[in-house]
Amino acid sequence: MVRLRPGAPPTGTGAHAARPDGEPTETVSPWVPVELSQGTDLTSAEPLPQGLREHLRSRKGVRFDHIVEQVTARMPTADETKRPDMPKNTPLPAVYGAARDASGTAPAVVEALLPADRYELEDAYPIE
């Protein structure tokens, strides 16, 4: 299960990623506790000058140790289908990644919404 620290209200921002042909392919939303976002560019409407991990490291000294990932699937909500990049009748895999520090606390969680008509998920791992 993906969670932020108990009692920490999250703040989130949405971002769209696009293929070279310009068609939006996913929606990515990072979530961090409000107190962690203070003094960063996470509350700005402008794109980050670097990735979330590097931004939090340089601004707040946060170091991620590992990521716990959870994949679910659902149909898009009514609000999501109002966006031009979101199909109405297509399942929506949602990938949640909890970026955890060495103690296991998740200072950041990222949600990636991947319309099923645009993605194929593949995983590989050792069996021994």
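This passage walks through the overall fold, the salt bridges, the surface patches and two individual residues of the structure shown above.

The model is a predicted one, and a good place to begin is with its overall layout. The protein contains three helices and six strands. Followed along the sequence, these elements appear in the order β-β-β-α-α-β-α-β-β. The protein has 128 residues, and 32% of them are buried. Among contacts with a separation of 6 or more, 50% join residues 24 or more positions apart. The accessible surface amounts to about 8300 Å², with carbon and sulfur atoms contributing 52% of that area.

Charged side chains offer a convenient next stop. Side chains of opposite charge can pair when their charged atoms come close. In this protein, five salt bridges are counted. One of them links aspartate 41 to arginine 59, with 3.2 Å between the closest N and O atoms. Aspartate 41 sits in the loop between helix H1 (34–37) and helix H2 (52–60), while arginine 59 belongs to helix H2, so this pair ties together parts that are 18 residues apart in sequence. Aspartate 41 is partly exposed, at 26% relative accessibility, and arginine 59 is also partly exposed, at 40%.

Another salt bridge joins the side chains of arginine 74 and glutamate 80, with an N to O distance of 2.8 Å. Here the partners fall into separate classes of accessibility: arginine 74 is partly exposed at 26%, whereas glutamate 80 is buried at 10%. A further salt bridge is formed by arginine 118 and aspartate 117, whose closest N and O atoms are 3.6 Å apart.

Aspartate 117 also turns up in the surroundings of threonine 90. Setting aside residues up to four places away in sequence, threonine 90 touches Met75, Pro76, Ala116 and Asp117. Threonine 90 lies in the loop between helix H3 (78–81) and strand E5 (92–100). Despite this loop position, threonine 90 has a relative accessible area of 16%; it counts as buried because the cut-off for that class is under 20%.

The surface carries patches of two kinds. On the charged side, Glu69, Glu120, Glu122 and Asp123 come together in a patch of negative charge. One of its members, glutamate 122, is located in the segment after strand E6 (108–113). Glutamate 122 is exposed, with 72% relative accessible area.

The nonpolar counterpart is a surface patch made of Val71, Tyr119 and Leu121, which together have about 270 Å² of accessible area. Valine 71 is part of strand E4 (residues 66–74) and is partly exposed, at 49% relative accessibility. That value falls in the intermediate class because a residue must be over 50% to count as exposed. Beyond its neighbours within four places in sequence, valine 71 is in contact with Ala94, Val95 and Leu121. Leu121 is thus a contact of valine 71 as well as a fellow member of the nonpolar patch. Valine 71 can also be placed relative to glutamate 111: the two residues are 40 positions apart along the chain, and their C-alpha atoms are separated by 9.7 Å.

Terms used. Residues numbered from 1 in each chain as written. Predicted model: local features only at pLDDT ≥ 70, side-chain atom pairs only at ≥ 80, totals over all residues. Heavy atoms only, no water. Patch = residues over 30% accessible without salt bridge, like charges linked within 9 Å, V, L, I, M, F, W, Y side chains within 5 Å. Areas by Shrake-Rupley, 256 points an atom, 1.4 Å probe, with all protein chains shown as cover. Salt bridge = Lys/Arg side-chain N within 4 Å of Asp/Glu carboxyl O. Lys, Arg positive; Asp, Glu negative; His and termini not counted. Charge placed at Lys NZ, Arg CZ, Asp CG, Glu CD. Helix = DSSP H or I, 4+ residues; strand = E, 2+ residues; numbered from the N terminus. Buried < 20%, exposed > 50% of the residue type's maximum accessible area, 1.4 Å probe, protein only. Contact = heavy atoms within 4.5 Å.
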